[in-house]
Amino acid sequence: MRAVFALLLSFVLLVGCEQPEPPTDGSTPAMRRLSNEQYRNVITDVFGPHITVAGQADSLLRTEGLLALGAQTARITPSGFEKFYSMARSIAQQVVNEQNRSGQFQCEPASITEPDDSCAKQFFSDVGRLLYRRPPTTDELAIPVTAANDSAVSNGNFYAGIALGLAGMLTSPQFLFVIDTTEPDALGLSKWQLTSHAKAARLSFLLWNTTPNKMLLDAAEAGELDTQEGVDAHVDRMMASHRLEAGVRAFFTDFFRFEEFDTLEKDSIIYPAFSAQVIDDSKEQLLLTVLDLLMERKEDYRNLFTTKKTFLTGPLARVYRVPTSRPTGNAWEPYEFSQSDPRAGVLMQVGFAALASHPGRSSPTLRGMAIREAFLCQHIPSPPGDVDFSQFEDPESPDATAKDRLEAHSIEPACAGCHKIMDPIGLGLEQLDGSAQFRTTENETVIDASGELDGIPFEDGAGLGRVMSQNPATTACLANRLTEYALGRPLGAGDRNYMEYLEQKFADTGYRFPDLLRRIATSRALYAVSEPANNAGPLQGAATSATTLAIAESQP
Amino acid sequence: MSILLPRKPPRRQVLRGLLGGGVVSVGLPLLDCFLNDNGTALAATGSPLPVRFGTWYWGMGHTPYNAVAPKAQSGHGIVFLEETKALKPFEDQLNFFSGFGMPLDGRSNYTHFTGWVGNRTGTVPQKQGEIVSPTLDLLVADEIGNRTPFKTIDASSAGLAQENYSARNTESRAEAIISPVELYTRIFGADFVDPNANEFSPDPNIMLEKSVLSAFMEAHQRFISTLGAADRDRMDEYFTSIRQIENRLALQLQKPEPNEACLVPTKPSAPSSKKLTRVREMPNVIETHEVMAQLMAMAVACNQTHVFNLVFTDNFANVRRVGESYTHHLLTHMELIDSELGYQPLAFWFNERCSEAFATYLETLSSIREGDGTLLDNCLIFAASETNYAKLHTIDSIPVYLAGKAGGRMKTGMHIVGGGDPITRVGYTAMQIMGVPLRRWGTKSLQTSRPITEIMI
């Protein structure tokens with residue numbers, strides 16, 4: 001009885017007392033290359049949706065499970081720079097052309113054949129602040145302003161010089177890389193923290209996947225991001241905005257490894273219904289399901305693996321073989337699979353099951369590996385180099401199911417170690433063929449879709465979803481990935497206490513994704529850094545980033 | 001004083017002085033880019049035709065005993081068997097290398113990765129995805145690639161941009177162009193200067209553009225100097241990239257020498273949306289490769305680049321036949337060996353197509369007349385796969401071809417037998433022929449300083 005009372009008392013005390021956020025070692029200051037999506041979002045935000053971005057930059061390298069982590073080591077190759085340069089020239093030309101010009105400039109030169117220092121400076125100051133995520137320095141303004149003036153004199157075209165200057169800004173490292181700048185932590189909670197401008201950038205790319213807007217930059221410059229209350233208020237404001245959707249889409253696009261869709265192909269004879277439209281729609285279906293369940297209905301993240309609710313277009317409905325009121329076109333409509341329908345959860349959606357398959361065949365191994373790596377954050381080693389695979393599979397044996405064929409993996413010691421943690425999971429989805437169409441037989445043999453995940457058995461794909469939803473690694477994986485995505489770096493030993501705290505808070509709030517996102521966005525860990533940028537020297541009383549100093553000293 | 005005036009201004013001052021003149025046709029002071037990288041020789045009228053370097057890649061190697069007949073020792077004559085019979089007409093224009101080893105020094109064989117990385121960089125990776133040294137094409141490009149608008153051009157008919165086998169390191173791996181339309185636009189787009197055009201009118205905006213770019217670069221250098229060492233290191237290539245654009249702009253101001261071999265091709269038509277979802281069906285891969293081969297050959301003939309990389313199929317051979325469940329790669333593992341034929345017939349079919357595609361490429365290069373010979377005569381093509389026998393992932397005796405005469409610097413028609421020597425001897429020899437000043441190449445057991453003198457002139 002006494003023990004029960006003590007337990008109740010401790011529960012009451014815990015409820016009434018918010019556990020403080022454990023400190024972390026902080027991130028090493030870094031410079032992260034913009035992703036293609038971020039680049040496009042910034043251009044749209046700064047210049048408007050009518051300015052098109054022609055082409056795209058080199059992809060980031062998926063690192064430690066996330067493309068976002070590849071940004072901190074990404075380099076720009078010559079051919080990669082050429083793409084940036086080509087895009088920049090095209091954007092700059094569009095911005096200054098006669099149709100768009102009036103909406104881009106707050107001023108107008110008296111004559112396009114005469115220099116106009118003031119107008120050029122105003123344009124580049126306004127635009128540069130958004131592109132560089134801080135006010136450009138006097139030096140940084142001088143080059144594009146002079147380009148405009150020189151062009152007016154030499155070529156008789158002020159705007160042609162503006163375009164050259166803008167193209168220069170759009171290919172500068174200050175724009176292409178989000179660069180951490182640091183200062184001592186005023187609250188003394190850690191030695192160093194990001195500067196206000198760097199905080200604004202981190203917040204904006206996390207929540208909206210774009211550059212900080214004027215309001216957020218104003219807040220940064222007014223010191224509002226230097227207090228916890230200020231950060232909380234701006235996070236709440238940004239999370240209440242419709243623009244949060246772009247940030248959530250960006251994270252799950254990375255989390256779900258959507259870049260693999262870019263190279264997805266299915267054999268047109270084996271899977272005639274699998275069109276280019278189906279590929280596009282299957283990506284969007286996953287995202288719409290995520291947005292609806294996590295953000296709109298604010299459900300438990302784990303329900304993503306069991307939900308019957310989704311959205312369909314006509315082409316997708318044909319793959320799912322379900323009726324639709326709009327059989328053609330790509331208009332979306334909500335759809336709920338009946339309780340008797342074997343489909344449930346995102347693992348049984350086309351966007352997952354077809355992606356983790358061969359062009360003409362399903363693959364329990366690929367699906368098992370994708371589940372382990374993407375949703376459970378577990379690494380599967382590369383296969384050994386000296387295995388003769390043909391002993392596992394005879395394509396001339398049409399009466400064998402995948403389960404029969406994969407039995408061979410368990411008798412080959414070199415394979416068994418890894419395959420026993422992949423195949424039994426993926427076999428749960430065997431009732432979905434390589435295009436994710438439902439089937440009950442393979443080669444006229446009834447498919448046995450039973451399997452197990454970490455010792456927990458299931459009978460079919462829906463059962464796999466239920467087991468996934470109860471696996472502790474499922475929620476821990478999301479919390480870890482989202483934190484790494486926000487910090488832009490892999491987690492380390494110094495983050496252990498923070499992650500335990502975060503996972504506990506995630507559980508306490510019923511695994512609600514928005515709560516997890518808000519907690520990370522408002523956490524000190526997001527802005528804590530382990531050392532000053534550029535390793536400039538010992539802790540001092542002022543901002544030590546050379547970048548920051550330069551800004552402070554040369555404000556126009 | 002204008003900040004756009006450089007601190008070492010003579011050439012740019014000349015340019016700026018002409019800005020008001022509109023259409024001009026002038027002889028400009030010699031630019032660095034018209035000199036070799038040592039600044040010791042001119043690439044001007046009357047000098048020998050340039051020797052170019054290309055790589056060609058196919059995935060999954062050869063079928064043992066069905067591709068090229070083994071030889072006990074090096075010598076003239078290559079016996080092309082069924083799988084490579086398409087190459088027979090080019091026997092006297094290439095060399096074949098077999099029997100060279102890929103010692104791992106205790107490191108793992110990362111399947112379909114270690115082979116090409118070791119062969120092209122001289123260092124086998126310690127972990128999956130790791131590339132620690134530049135690929136040989138970039139070492140060649142550093143030597144000869146600064147005299148053209150593009151230092152290198154990379155394309156792939158396999159439809160996978162990231163599966164390109166040219167890299168400085170893990171994080172700096174160029175993406176290949178996978179669309180023929182994009183490849184055409186890059187080479188022959190708005191910035192292309194036709195050497196055979198009757199009139200030459202440099203755009204005065206180019207002069208200003210170049211000046212602005214230079215001014216930005218100087219500012220960026222000051223900015224980057226404030227960053228930490230690791231980030232500064234990451235930005236090295238960024239500045240190289242800007243200088244390359246500067247070079248290109250400078251070349252656009254210079255009237256190129258007339259060039260009979262340069263015939264601007266017609267722009268390829270955009271593929272249908274249906275075809276875009278089937279780019280890795282073998283007929284489409286072959287068709288894309290043919291178009292890319294022609295564009296690449298003409299890019300070289302027009303001296304838009306002197307270093308060029310073309311991938312036919314990727315290292316995981318994600319290509320397939322219509323109606324077939326498995327890709328080429330999966331067939332090499334899953335398909336049973338036909339007891340009568342002695343090989344995997346479906347995988348063999350793909351291997352044959354790879355040899356045919358290489359023959360097509362060589363035919364395309366040799367169909368362009370250049371000087372007294374052909375474009376191929378003035379090229380050195382390094383063609384290799386990542387494995388010898390894909391079914392078993394073997395990486396010893398990876399098949400390598402060196403094709404072309406390299407401007408008369410390479411003997412051809414030989415089958416060179418490695419006898420277990422490191423495979424880097426082939427790449428090292430190619431680089432020696434191309435004039436790359438390397439005393440040795442590679443690390444650990446792959447390090448070599450011994451070129452294959454039998455093929456060197």
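**Entry 1: the two chains**

I began with chain B of this predicted model, where buried residues make up 53% of the 457 residues. I then looked up the secondary structure of chain B and noted twelve helices and twelve strands. For contacts in chain B between residues at least 6 apart in sequence, I wrote down that 71% join residues at least 24 apart.

I looked up the corresponding values for chain A, in which 50% of the 556 residues count as buried. The secondary structure of chain A comes to 24 helices and eleven strands, and among its contacts between residues at least 6 apart in sequence, 68% join residues at least 24 apart.

**Entry 2: where chain A touches chain B**

I turned next to the contact between the chains, which takes 59 residues from chain A and 63 residues from chain B. On the side of chain A that touches chain B, the elements giving two or more residues are helix 4 (78–96), helix 7, helix 8, helix 9 (173–176), helix 14 (276–296) and helix 24 (546–553). Which helix of chain A gives the most to this side? I found that helix 7 of chain A does, with nine residues. By class, the residues on the side of chain A that touches chain B divide into 22 nonpolar, 24 polar and 13 charged.

**Entry 3: helix 7 of chain A and its partner**

Since helix 7 had come up, I stayed with it and checked its length: at 1.5 Å a residue its 17 residues should span 24 Å, and the end C-alpha atoms of helix 7 of chain A are indeed 24 Å apart, which agrees. I also asked how many of its 17 residues are buried. The count is 14, and I noted helix 7 of chain A as mostly covered. Just after this helix, A:G156 takes a positive phi of about 70°.

I then looked at how helix 7 (residues 138–154) of chain A packs with helix 8 (residues 158–170) of chain A, and found an angle of about 155° with the axes 6 Å apart. Angles over 145 degrees count as roughly antiparallel, and that makes helix 7 of chain A roughly antiparallel to helix 8 of chain A. The crossing of these two helices of chain A is right-handed. Among the residues of helix 7 of chain A that make the contact are A:I143, A:A147 and A:D150, while helix 8 of chain A contributes residues including A:F158, A:L164 and A:M169. Sorted by class, the contact of helix 7 with helix 8 of chain A has twelve nonpolar, five polar and one charged residues.

**Entry 4: helix 17 of chain A**

Is helix 17 of chain A largely enclosed or largely open? Nine of its twelve residues are buried, so I recorded helix 17 of chain A as largely enclosed by the rest of the structure. Its buried residues include A:R367, A:M369, A:I371, A:R372 and A:F375. Helix 17 (residues 364–375) of chain A reaches 16 Å from its first C-alpha to its last, close to the 16 Å expected at 1.5 Å a residue. Just after helix 17 of chain A, I found A:C377 with a positive phi of about 55°.

**Entry 5: a longer helix check in chain B**

I made the length check again on helix 9 (residues 282–301) of chain B, whose 20 residues reach 28 Å from first C-alpha to last, close to the 28 Å expected at 1.5 Å a residue. Just after helix 9 of chain B, B:N303 takes a positive phi of about 55°.

**Entry 6: B:F382 and two helices of chain B**

I picked out B:F382, whose place is in strand 10 (residues 379–384) of chain B. With 26 C-beta neighbours inside 10 Å, B:F382 counts as buried, because 20 or more is the cut-off for a buried residue. Leaving aside its neighbours within four places in sequence, B:F382 is in contact with B:T55, B:L136, B:L402, B:G427 and B:A430. B:F382 and B:A430 are 48 residues apart in sequence, yet 7.6 Å apart in space, C-alpha to C-alpha.

Some of these names came back when I looked up two helices of chain B, for B:L136, B:L139 and B:V140 in helix 3 meet B:G427, B:A430 and B:M431 in helix 12. The contact of helix 3 with helix 12 of chain B has five nonpolar, one polar and no charged residues. Helix 3 (residues 136–144) and helix 12 (residues 424–433) of chain B pack at an angle of about 15°, with their axes 10 Å apart. I therefore entered helix 3 and helix 12 of chain B as roughly parallel to each other, and their crossing as right-handed.

Terms used: Residues are numbered from 1 along each chain as its sequence is written. Chains are lettered from A and ligands numbered from 1 in the order in which they are written. This is a predicted model: local features need pLDDT of at least 70, side-chain atom pairs count only at pLDDT 80 or more; totals for chains, interfaces and linings use all residues. Axes are lines fitted to C-alpha atoms, for helices over the stretch in contact, and angles run from 0 to 180 degrees between N-to-C directions. Helices (H or I, at least four residues) and strands (E, at least two) are DSSP runs, numbered from the N terminus. Angles under 35 degrees count as roughly parallel, over 145 as roughly antiparallel, 65 to 115 as roughly perpendicular and the rest as oblique. A crossing is left-handed if the near helix is turned anticlockwise from the far one by less than a right angle, and right-handed if clockwise. Two residues are in contact if their C-beta atoms, placed from the backbone, lie within 7 Å. Ala, Val, Leu, Ile, Met, Phe, Trp, Tyr, Cys and Pro count as nonpolar, Asp, Glu, Lys and Arg as charged, and the others, Gly among them, as polar. The expected span of a helix is 1.5 Å times one less than its number of residues.
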